[in-house]
Amino acid sequence: METTKLPPSSPSSPTTSFSVPSAEKVDGFPRRSMRRARQRRSHSSSQFRYQSSQVELTPLPLLKDAPVAELHDLFCKKLQQCCVLFDFLDCVADLKGKEIKRAALNELVESVATSRGVLIEPLYPEAIKMISVNIFRTLPPSENPEFDPEEDEPTLEASWPHLQLVYEFFLRFLESPDFQPSMAKRYVDQKFVLQLLELFDSEDPREREYLKTILHRVYGKLLGLRAYIRKQINNIFLRFIYETEHFNGVAELLEILGSIINGFALPLKAEHKQFLVRVLIPLHTAKSLSIFHAQLAYCVVQFMEKDATVTEYIIRGLLKYWPKTCTQKEVMFLGEIEEILDVIEPSQFIRVQEPLFKQIAACISSPHFQVAERALYFWNNEYILSLIEENCQVILPLVFATLYRVSKEHWNQTIVSLIYNVLKTFMEMNSKLFDDLTASYKVEKQKFTDATPLFSSVDSMNQFTKLITVNSSTT
Amino acid sequence: AAEEGGPCSLSKMAGADGDDSLYPIAVLIDELRNEDVQLRLNSIKKLSTIALALGVERTRTELLPFLTDTIYDEDEVLLALAEQLGNFTMLVGGPEYVHCLLPPLESLATVEETVVRDKAVESLRKISQEHSPVDLEVHFEPLVKRLASGDWFTSRTSACGLFSVCYPRVSSTVKAEIRQHFRTLCSDDTPMVRRAAASKLGEFAKVLELDYVKSDIISLFTALASDEQDSVRLLAVEACVSIATLLPQEDLETLVMPTLRQAAEDKSWRVRYMVADKFSELQKAVGPEITKNDLVPAFQNLLKDCEAEVRAAAANKVKEFCENLPEDNREQIIMTHILPCVKELVSDTNQHVKSALASVIMGLSTILGKDNTIEHLLPLFLAQLKDECPEVRLNIISNLDCVNEVIGIRQLSQSLLPAIVELAEDAKWRVRLAIIEYMPLLAGQLGVEFFDEKLNTLCMAWLIDHVYAIREAATCNLMKLVEKFGAEWAQNTIVPKVLGMANDPNYLHRMTTLFCINALSEACGQEITTKQMLPVVLKMSNDQVANVRFNVAKSLQKIGPVLDSNALQTEVKPVLEKLATDTDMDVKYFAQEAISLLCIFFSIRPNLLCLLNTSQMLYFPNSIYPASMPFCTVCCLQQHRLNWSNK
């Protein structure tokens with residue numbers, strides 16, 4: 001079989017295995033450096049493997065020196081030259097070849113960026129082929145299966161010196177004034193886009209940054225691919241939510257979506273609403289929410305600003321997925337709610353105020369002071385305050401008992417003083433209602449402390465256990 | 001409005017028709033609608049009780065429609081509901097009415113949350129068996145069809161798991177429809193559905209007629225195995241095993257092998273990993289001929305794969321693969337094709353690969369026989385015993401028994417010793433712990449002389465390790481060694497050392513003596529326990545550290561049954577009674593516990609306890625005793641408290 005003949009500089013080439021221990025001694029953190037070294041090894045070999053034999057590169061004349069008649073031909077040759085892949089784990093292997101490719105890529109980037117009339121039709125397939133060969137690869141297994149993007153250092157792509165230039169070229173290519181979407185669409189097709197999207201799982205943030213800009217351009221210029229791109233992003237998110245819970249590029253994809261949503265036509269299509277309800281809202285359940293929460297909240301607010309009628313879906317959705325044990329996430333949810341309330345229409349507010357303020361009351365009584373504090377900050381927001389004031393009759397009864405109780409019980413002084421401020425605000429808003437509620441609260445409390453244990457309920461429970469035993473013995 | 005109507009009338013009916021016994025059921029039904037999720041959950045978990053109380057008729061006409069409407073609940077509640085409904089057949093009136101359960105389960109099979117959906121599918125699969133063939137066609141199959149053509153991916157995903165359970169029992173026209181639906185799902189637009197279909201492909205193939213396997217399944221298999229997403233392709237590898245098992249040998253080459261070869265060389269490491277992981281199954285499924293011609297080179301490639309994950313998965317299969325090679329030229333294949341790759345893996349750059357190999361490599365010696373093992377494998381074992389990664393060394397040591405059978409352990413012992421010593425002193429306590437666990441096995445194979453000479457000191461050194469888990473394991477190890485080498489050996493070699501530690505200035509080491517005695521007394525027998533161990537234990541009852549003293553009480557309780565009754569009465573009892581008046585409450589507690597448990601041996605009449613009736617028990621709150629303590633112990637302790645307080 002062909003693959004038995006591995007390329008000459010296969011992973012176990014002596015140069016690499018010797019370079020590791022020596023680096024280790026200098027480094028002083030042997031485990032870390034070994035981890036890196038090993039990682040890099042697997043990192044580009046996955047891509048490198050498929051090159052059947054190593055081609056010796058010879059430098060070509062410079063593009064800028066080429067006569068106009070030969071320019072395109074030379075450009076094409078350079079593109080073909082850049083299809084050769086190098087082993088970057090072995091940092092000393094084929095240095096000459098690497099340098100030739102780097103120089104060629106630099107020239108290509110510069111040429112596409114600065115000179116006009118370079119991009120002619122025959123170059124499109126060659127350019128896309130060069131890009132595909134270089135960037136499309138199965139991403140290597142993560143060195144750290146429990147990779148935590150917030151805590152751990154990402155594994156960086158070893159072949160970045162070339163890869164970056166290829167991405168740069170692609171970007172310049174898309175942004176060139178000569179770029180013709182009608183020609184490009186034959187080569188930048190669905191399959192191409194799908195592979196591009198899969199690369200968003202890369203652990204290297206530099207790569208994801210390029211991909212984000214590139215995908216944005218592709219979405220902007222190739223209209224025929226838009227629906228397909230949205231659908232595939234959907235699929236990636238759904239897999240992330242319901243299957244793997246792992247995808248490194250969620251934040252980047254959401255950032256692109258933020259601007260896509262911005263451009264949606266009104267009225268919103270059913271497809272877009274479905275995306276909101278069945279993808280964006282469930283994304284809030286992810287364990288790694290903190291990594292992409294800002295982008296997600298932005299998308300959600302974009303939707304509301306487009307079409308106020310989705311407000312109720314959003315708020316009820318968030319309430320459904322409200323974190324039960326993770327206070328850090330709870331604070332994020334409260335932040336998002338505030339962003340939403342900032343732009344909510346008063347008519348929509350009325351529709352959700354009841355369940356919403358029940359949740360807010362629950363947050364105020366959280367023993368975690370950051371959660372309580374975040375909820376109480378709502379009363380510092382002018383717009384929210386005006387909404388509360390307009391609906392004081394509904395909201396105050398919902399939160400009163402909690403405020404009253406927590407003001408007496410909370411361990412944290414900041415919370416207590418925040419609550420006093422809120423109570424004061426309410427008192428000023430509607431003193432009559434406030435007094436009524438205070439009075440009835442006291443009566444309730446009195447009743448509660450006076451009451452003897454509810455025998456009736458104990459009784460019914462006993463009766464019930466009896467019934468269960470009877471039933472289970474008959475079956 | 002329907003949601004509201006159902007339970008209201010249910011609870012009213014349950015409470016108001018003059019039958020008070022149904023009142024609790026009304027409460028439960030009310031709780032199904034309670035705002036508190038926990039209450040709803042509790043109520044759902046008692047659903048069978050509710051159904052039982054309502055009777056089959058009303059369960060069908062009132063409860064189930066109500067449940068079908070609650071599908072908008074929290075996932076937690078839905079999960080409980082999906083599970084309950086799978087066991088509901090009798091509660092709706094038996095198989096005749098089982099189809100009543102389909103509507104709520106159908107809704108549950110379409111929800112977003114995967115665990116709920118999976119549970120609903122599981123329940124549907126279960127109750128499908130209780131449908132009569134007619135009901136299956138009238139009720140079940142239409143449900144599968146509806147799910148298969150649902151517009152959101154969730155319902156289509158669920159449908160994939162239901163085809164195989166109804167296919168065998170329906171008419172041929174319906175069968176054709178089912179096949180068509182499955183085919184459609186295999187080329188679904190969303191990868192989620194294709195993944196679900198691919199994962200059920202093997203299962204579905206098993207229930208199909210052979211002709212359809214060849215005509216339908218193979219094309220689906222080929223398509224899924226070349227899907228654009230590697231997450232789909234890798235699932236096809238699993239299906240490959242089942243499909244290959246179903247087909248006659250002569251069709252394998254044309255129908256399955258092209259796809260399998262392609263998978264083994266897939267550009268995605270995930271697919272190659274899957275092939276490596278399923279290699280033994282694949283090997284069995286395709287038979288010896290194809291194995292020889294195709295799988296051997298494929299396996300070589302996987303062992304040399306550029307991705308460490310793949311190599312590790314393949315290395316794990318080395319032994320099984322070699323074992324299952326056709327016997328006529330097994331040795332030749334291993335020697336010329338597999339062994340060279342194995343040799344390379346021994347010095348792999350990735351420790352997971354090496355340790356995967358180390359966990360199976362010893363198994364090759366039984367297959368290759370004595371001479372080959374000595375000539376070819378032994379150097380590898382020795383190299384791995386010196387590996388920088390402790391896991392590799394451990395894996396070799398833990399599998400020594402295979403080699404022992406073939407060449408005897410002497411060949412290895414010279415290299416073994418430094419490896420063991422190094423592991424025994426490893427900085428990571430988990431490594432030390434692992435090697436301790438192999439000590440009894442090693443001792444058995446190396447023999448008592450070698451052990452005394454080389455390993456005994458190690459075993460004793462572990463007793464004063466600074467990690468408790470190691471000391472504990474070392475204690476247990478001693479017990480196993482005594483079981484192996486006998487009491488006499490114990491008396492001569494380890495007991496003196498263990499007892500010597502009783503005078504150690506460190507109280508943790510003194511306690512280790514007690515723990516060792518606990519472990520060893522039974523294996524050493526009455527003589528040694530009474531004559532040598534007991535005096536030490538009794539002497540330690542005067543220790544200044546309370547932890548030592550209460551461990552003395554515990555030890556006495558433990559070794560009591562081994563001692564003779566004279567020693568118990570004259571020596572143990574007074575000491576325990578003294579400890580029972582100790583100033584430390586824990587010492588007191590354990591001394592009293594020991595007394596009460598040894599009371600049988602002290603020849604106190606145990607049936608005194610019977611005098612304690614339940615009303616008396618109430619004066620002694622049980623909460624002062626650990627919940628795990630058996631009831632009789634608690635009684636016993638209370639009896640003693642009574643005695644003491646009466647004095």
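Accessible areas are obtained with the Shrake-Rupley method and a 1.4 Å probe, and for residues only the protein chains shown count as cover. On that basis, chain A has an accessible surface of about 23100 Å², with 55% belonging to carbon and sulfur atoms.

This is a predicted model, in which local features need pLDDT of at least 70, side-chain atom pairs count only at pLDDT 80 or more, and totals for chains, interfaces and linings use all residues. Residues are numbered from 1 along each chain as its sequence is written, and side-chain values use heavy atoms, with hydrogens and water left out.

**Chain A.** The mean pLDDT (the predictor's confidence in each residue, from 0 to 100) is 81 for chain A, and 82% of its residues reach 70 or more. Chain A contains 22 helices and zero strands, these being DSSP runs (helices H or I, at least four residues; strands E, at least two) numbered from the N terminus. Of its 475 residues, 51% are buried, that is, under 20% relative accessible area with a 1.4 Å probe, protein chains only. Two segments have pLDDT under 50 throughout; their contacts (heavy atoms within 4.5 Å) are tabulated.

| Segment of chain A | pLDDT | Contacts beyond four places in sequence |
|---|---|---|
| Residues 1-48 | under 50 | 75 contacts |
| Residues 467-475 | under 50 | six contacts |

**Chain B.** Helix α3 of chain B spans residues 37-45, where B:V37, B:R40, B:L41, B:S43 and B:I44 are buried. Viewed down the axis of α3(B), the directions from the axis to the C-beta atoms of its buried residues fall within an arc of 165°, so these residues line one face of the helix.

Terms used: Chains are lettered from A and ligands numbered from 1 in the order in which they are written. Buried means under 20% relative accessible area, exposed over 50%, partly exposed in between (1.4 Å probe, protein chains only).
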